[in-house]
Amino acid sequence: MEKRSLSPELAMMMEAALGVEAVPLLAMQNEYDLMMAERDDSFMEKLKQIRRIAAIF
């Protein structure tokens, strides 16, 4: 089964149809996306490299 992030448009449609506010739904999606990025070892290594380079300046 394919997974997709919750888009602002879909969150707004859910708000209109179900009465569930879009903002908290999008905040939860954002938290999830950040958590998944933190679990990506390759991405975290890139961040370390960027921080090392930025520290030089």
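**Exercise 1. In which helix is the place of Gln29, and is Gln29 buried or exposed?**

Solution. The model is a predicted one.
Step 1: Gln29 has its place in helix H2.
Step 2: The relative accessible area of Gln29 is 16%. Buried means under 20% relative accessible area.
Step 3: Gln29 is therefore buried.
Step 4: As for its spacing from Phe43, the two residues are 14 apart along the chain, and their C-alpha atoms are separated by 19 Å.

**Exercise 2. Describe the secondary structure of the protein chain and decide how its spread relates to that of a compact globule.**

Solution.
Step 1: The protein chain contains three helices and zero strands.
Step 2: Along the sequence this gives the pattern α-α-α.
Step 3: For 57 residues the globule rule gives 10 Å, whereas the radius of gyration of the protein chain is 17 Å, well over that value; the chain is therefore more spread out than a compact globule.
Step 4: The spans of the C-alpha trace along its principal axes are about 50 × 30 × 15 Å.

**Exercise 3. Characterise the burial, surface and charges of the protein chain.**

Solution.
Step 1: Among the 57 residues of the protein chain, 9% count as buried.
Step 2: The accessible surface of the chain amounts to about 5300 Å², and carbon and sulfur atoms account for 62% of this surface.
Step 3: The chain carries 7 positive and 10 negative charges, and the mean positions of these two sets lie 10 Å apart.

**Exercise 4. How many residues of helix H1 are buried, and which residue follows H1?**

Solution.
Step 1: Helix H1 covers residues 8–18, which makes 11 residues.
Step 2: One of these residues is buried, and H1 is accordingly described as hardly covered.
Step 3: Gly19 follows H1 and has a positive phi, near 75 degrees.

**Exercise 5. Place Met35 in the structure and identify the nonpolar patch to which Met35 belongs.**

Solution.
Step 1: Met35 has its place in helix H2, which comprises residues 22–38.
Step 2: The relative accessibility of Met35 is 33%, so Met35 counts as partly exposed.
Step 3: Together with Tyr32 and Met36, Met35 forms a nonpolar patch on the surface. The accessible area of these three residues together is about 260 Å².
Step 4: A general property of the α-helix bears on such arrangements: with 3.6 residues a turn, residues three or four places apart point the same way.

**Exercise 6. Which residue forms a salt bridge with Glu45, and how many salt bridges are counted?**

Solution.
Step 1: Arg52 forms a salt bridge with Glu45, and their closest N and O atoms are 3.8 Å apart. The cut-off for such a pair is within 4 Å.
Step 2: The count comes to one salt bridge.
Step 3: Glu45 has 34% relative accessibility and therefore counts as partly exposed.

**Exercise 7. Contrast separation in sequence with separation in space for the pairs Asp33 and Ser5, and Val23 and Gln49.**

Solution.
Step 1: Asp33 has its place in helix H2 and, at 34% relative accessibility, counts as partly exposed.
Step 2: Asp33 and Ser5 are 28 residues apart in sequence, while their C-alpha atoms are 8.1 Å apart in space.
Step 3: Val23 also has its place in helix H2. Its relative accessibility is 64%, so Val23 counts as exposed.
Step 4: Val23 and Gln49 are 26 residues apart in sequence, and their C-alpha atoms are 33 Å apart in space.

Technical notes
Residues are numbered from 1 along each chain as its sequence is written. This is a predicted model: local features need pLDDT of at least 70, side-chain atom pairs count only at pLDDT 80 or more; totals for chains, interfaces and linings use all residues. Side-chain values use heavy atoms; hydrogens and water are left out. Helices (H or I, at least four residues) and strands (E, at least two) are DSSP runs, numbered from the N terminus. The radius of gyration is taken over C-alpha atoms; the globule rule is 2.2 Å times the number of residues to the power 0.38. Buried means under 20% relative accessible area, exposed over 50%, partly exposed in between (1.4 Å probe, protein chains only). Accessible areas come from the Shrake-Rupley method with a 1.4 Å probe; for residues, only the protein chains shown count as cover. Lys and Arg count as positive and Asp and Glu as negative; His and the chain ends are not counted. The place of a charge is taken as NZ of Lys, CZ of Arg, CG of Asp or CD of Glu. Patches are made of residues with over 30% relative accessible area and no salt bridge: like charges are joined within 9 Å, nonpolar side chains (Val, Leu, Ile, Met, Phe, Trp, Tyr) within 5 Å. A salt bridge is a side-chain nitrogen of Lys or Arg within 4 Å of a carboxyl oxygen of Asp or Glu.
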